[in-house]
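Here is a set of exercises to work through with a viewer open. Try each task before you read its solution.

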Amino acid sequence: MSSIHPDKVTAERLAGLRSGAPAPGRDEGPNLGDGSLVEDPAVRPPRVLSGRTHGEVTQIVSGYAEDPAPKWWYIAITISSTIAAVGTGMILYLIITGVGVWGLNNQVDWAWDITNFVFWIGIGHAGTLISAILCLLKQKWRTAVNRAAEAMTIFAVICAGIFPGIHVGRVWFAWMLFPIPNSNGLWPNFRSPLLWDVFAVSTYATVSLLFWYMGMIPDIATLRDRADRRLRLGVSKAFVVTLPGGRDVTLPLPRPDTLRAYIYGLLSIGWRFSSRHWHRYEVAYLVLAGISTPLVLSVHSIVSFDFATSVLPGWHTTIFPPYFVAGAIFGGFAMVLFLLIPMRALMPNFKDLLTIRHIENMAKIILVTGMMVGFAYAMEFFIAWYGANKFEFEAFANNRVNPRVAPYWWAYWTMIGCNVISPQVFWFRKIRQNPWAVWVVAILVTIGMWFERFVIIVTSLHRAFIPGEWHMFYPTWVDILTFVGSCGIFLTLFLLFIKFLPIFAMAELKAVMPEADTHGHDDDHGEEH
Amino acid sequence: MPELPKIFGKIPSVSELLASASDYMPFIPKPAPKYVSESGKPVHGITAEFSKTPVVVRAAEKVRDAGYTRWDVMTPFPIHGMETSMGIKRTILPALAAGAALTGVAGALAMQLYMNNDFEMVVQGKPFLSWEPLTPITFEIGILLTAFTCVFGMMALNGLPRFHHPLFNSERFLSVSDNRFFVCIEASDPKFDPVRTRELLESAGADRIELVEDEN
């Protein structure tokens with residue numbers, strides 16, 4: 001620099017002078033929201049806000065599992081577990097009495113049961129999508145949401161598994177779905193999509209569980225080490241319960257940290273963070289992501305075969321597999337947002353790890369998949385008309401759409417309003433970046449996706465080919481309470497998860513923070529290679 | 001004797017196999033320790049503690065270049081490029097997974113073809129031995145076996161579950177799951193020398209050097 005003549009420097013500076021007046025319109029300064037909304041593609045937005053270090057991330061995430069549960073958690077789990085108990089009671093009542101307690105009839109022989117099944121299994125797609133497909137696409141923002149989304153996937157698949165299990169009537173014969181040698185010399189019918197479904201859903205449940213668990217091993221090991229360390233330093237507390245009066249009672253039980261060291265110790269299989277282990281772990285994770293991607297696409301395709309391979313008008317369409325997969329991703333992301341936005345508001349420091357940008361990214365995915373679903377609705381209708389099949393056209397025009405003749409027109413239009421129209425607000429940046437606006441749309445989408453399955457199943461079944469068979473479907477109180485109960489089971493499992501397990505993928509989060517850069521650039525520009 | 005393919009790495013000797021088996025099975029006697037500490041306990045190795053990612057990566061390169069073989073780097077998260085810095089060979093896990101996928105596909109096809117033929121169920125006059133309807137289940141079972149191999153194969157190749165390890169004897173080491181990095185050179189390494197190994201780790205910029213003892 002010293003070789004440049006000072007006058008030249010001054011000349012350059014003078015040439016670069018700008019007007020002192022504030023620039024008009026949007027140039028007043030970039031709207032960074034909470035600091036994560038960087039628009040310059042050359043600048044990598046911070047994935048963890050407030051300049052948190054690795055140690056602080058460990059402290060925040062472990063704190064959720066170690067600190068006493070907040071009051072709202074106790075209130076929420078009291079309500080949700082009561083609902084779950086009612087749902088379990090309904091399942092028992094159904095098993096003891098028979099499927100007649102539901103409102104099914106000869107014509108509408110699948111109704112809320114299979115609607116709920118497809119609804120829950122669809123929600124269960126977001127977790128594996130985030131962990132597998134976004135992993136392969138190197139979308140590193142997924143590290144903030146993948147753990148909670150994977151947990152949600154497992155719990156949604158559990159809820160989904162209940163309904164086909166109990167709708168078979170004699171539940172004690174459900175084992176006949178599996179190819180187990182039996183005294184009747186019978187094998188299952190491998191040419192039936194219903195059997196493909198058994199294999200698809202059970203494989204999906206198993207692989208999702210493995211994926212979730214394997215991702216959690218290092219983070220559970222962190223909880224183990226922290227408990228172990230407190231025990232060794234002699235700073236762990238006794239098992240104390242605070243009574244409503246404010247009095248503390250010490251229970252004659254092992255210290256919580258002793259229990260943690262044992263239980264987390266067992267679950268973390270002795271993980272010791274060795275780089276030789278990390279190498280195989282990362283390869284295993286990548287292969288799992290690679291095989292889970294076709295898996296997640298196959299599961300809902302196979303669920304759609306249950307309908308598409310039949311000859312029923314309204315079901316018999318080739319668009320079903322991609323349409324169902326897009327709908328599953330759509331509904332799954334809505335559920336992720338429905339759960340994470342309140343957590344973000346209620347849990348301390350959550351906003352530093354789950355930024356506005358994450359919410360905005362998911363809102364964009366909802367917009368895209370919502371448009372795909374809307375396209376599928378339109379294309380279904382178009383083909384019903386263009387295909388010149390009278391029955392198929394009737395199934396759409398007069399059984400679903402036309403309010404004057406279709407008894408279930410309100411279900412169809414609820415579906416259109418929630419799934420096609422409501423996500424359109426995400427074209428606006430202001431709404432995408434407003435968590436509570438996103439939350440409202442997420443609820444609408446969740447409602448709309450339930451109605452989508454109801455429309456497909458019930459409106460197609462209630463008026464098949466012969467008018468003499470036509471029947472309406474009316475749910476009984478058992479139908480309603482079983483569905484509400486499944487929501488309670490789902491929420492209870494999720495609340496237990498946020499209290500006892502690491503809800504962020506700590507190790508993955510640390511790996512994408514500036515501190516992890518092997519070249520020592522402690523800035524936000526990320527990797528240069 | 002022709003050289004075995006590279007994917008199998010170095011074939012361990014019988015004494016090495018027995019030494020690693022003794023970690024899991026207490027009835028197998030442990031080999032005599034190379035070094036014993038002042039309290040009479042066998043020495044597992046020396047750990048060096050680091051607090052910065054770039055420093056630990058350079059330290060790993062240094063240890064690798066010094067020719068050590070029984071050593072490891074413990075980090076709270078997988079460090080990008082650590083395989084190269086440590087000279088770790090690529091794992092055979094993908095090959096195992098591919099084998100599992102093929103086994104799953106073959107097994108699922110065999111099962112369905114046998115069962116369709118064993119109990120001939122007439123469904124809409126469709127043939128008993130057609131492959132098309134067998135595709136979904138064949139695919140799913142192939143995926144299932146691959147996933148099992150990935151997760152349990154990863155554990156097996158890593159020697160996990162292993163609930164005890166001498167490293168856990170060190171209270172400092174527990175912060176590896178938080179924000180600290182550790183390089184451990186084991187005493188059983190042929191190049192291990194109490195003085196020179198410590199000097200190597202010190203020159204690599206370690207914040208702290210510790211002797212890790214095994215129990216009994």
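The exercises below deal with a predicted model, and each is followed by a worked solution.

**Exercise 1. Confidence and overall build of chain A**

Task: Find the average pLDDT of chain A, then describe the make-up and extent of this chain.

Solution. Start with confidence: chain A averages a pLDDT of 87, and 95% of its residues score at least 70. Next, look for the weak spot. Over residues 522–529 of chain A the pLDDT stays under 50, and the model has nine contacts beyond four places in sequence for that stretch. Then turn to secondary structure, where chain A has 18 helices and two strands. The C-alpha trace of chain A spans about 95 × 70 × 50 Å along its principal axes. Finally, check burial and contact order: of the 529 residues in chain A, 46% are buried. Among its contacts between residues at least 6 apart in sequence, 80% join residues at least 24 apart.

**Exercise 2. The contact between the chains**

Task: Work out how many residues each chain gives to the contact, and which helix of chain A gives the largest share of its side.

Solution. Count the two sides: 57 residues come from chain A and 60 residues from chain B. On the chain A side, the elements that give two or more residues are helix 2 (54–66), helix 7 (193–233), helix 9 (275–308) and helix 18 (506–511). Of the residues on this side, helix 9 of chain A supplies the largest share, with 16. Sorted by class, the side of chain A that touches chain B holds 26 nonpolar, 19 polar and 12 charged residues.

Now cross over to chain B, which is divided into domain 1 (33–87 + 164–213) and domain 2 (93–157). The C-alpha centres of these two domains lie 45 Å apart. Helix 4 (residues 93–118) of chain B has 26 residues and reaches 37 Å from its first C-alpha to its last, close to the 38 Å expected at 1.5 Å a residue. Among the buried residues of helix 4 of chain B are Leu93(B), Ala97(B), Gly104(B), Gln112(B) and Asn116(B). The buried residues of this helix pack against helix 9 of chain A together with helix 5 (135–157) of chain B.

**Exercise 3. Two helices with a buried side**

Task: For helix 2 of chain B, compare the expected span with that in the model, and say which residues are buried. Then examine the buried and exposed residues of helix 6 of chain B.

Solution. Take the length of helix 2 (residues 53–65) of chain B first: at 1.5 Å a residue its 13 residues should span 18 Å, and the end C-alpha atoms are 19 Å apart, which agrees. Its buried residues are Thr53(B), Val56(B), Val57(B), Ala59(B), Ala60(B) and Val63(B). They cover an arc of only 160 degrees around the axis, so they sit on the same side of helix 2 of chain B. A general rule helps here: an α-helix has 3.6 residues a turn, so residues three or four places apart point the same way. The partners that these buried residues pack against include strand 1 (43–50), strand 3 (181–186) and helix 6 (194–203) of chain B. After helix 2 of chain B comes Gly67(B), with a positive phi near 90 degrees.

In helix 6 of chain B, the buried residues are Thr197(B), Leu200(B) and Leu201(B). Their arc is only 95 degrees around the axis, which puts them on the same side of helix 6 of chain B. The face turned away from that buried side carries exposed residues, including Arg196(B), Glu199(B) and Glu202(B). Strand 1, helix 2, strand 3 and strand 4 (208–213) of chain B are among what covers the buried residues of helix 6. Gly205(B) follows helix 6 of chain B, and its phi is positive, near 95 degrees.

**Exercise 4. Two residues of chain A**

Task: Explain why Met449(A) and Asp352(A) count as buried.

Solution. Locate Met449(A) in helix 16 (residues 435–462) of chain A. Met449(A) counts as buried because it has 25 C-beta neighbours inside 10 Å. Beyond four places in sequence, its contacts include Phe119(A), Gly327(A), Phe330(A) and Asn419(A).

Asp352(A) lies in helix 11 (residues 350–353) of chain A. Asp352(A) has 20 C-beta neighbours inside 10 Å and so counts as buried, given that the cut-off is 20 or more. Apart from neighbours within four places in sequence, Asp352(A) is in contact with Val48(A), Leu49(A), Ser50(A) and Arg52(A).

Technical notes
Residues numbered from 1 in each chain as written. Chains lettered and ligands numbered in written order. Predicted model: local features only at pLDDT ≥ 70, side-chain atom pairs only at ≥ 80, totals over all residues. pLDDT = per-residue confidence, 0-100. Contact = placed C-beta atoms within 7 Å. Domains from an automatic or database assignment. Helix = DSSP H or I, 4+ residues; strand = E, 2+ residues; numbered from the N terminus. Buried ≥ 20, exposed ≤ 12 C-beta atoms within 10 Å, placed from the backbone. Nonpolar A, V, L, I, M, F, W, Y, C, P; charged D, E, K, R; others polar. Expected span 1.5 Å × (residues − 1). Arc of directions from axis to C-beta.
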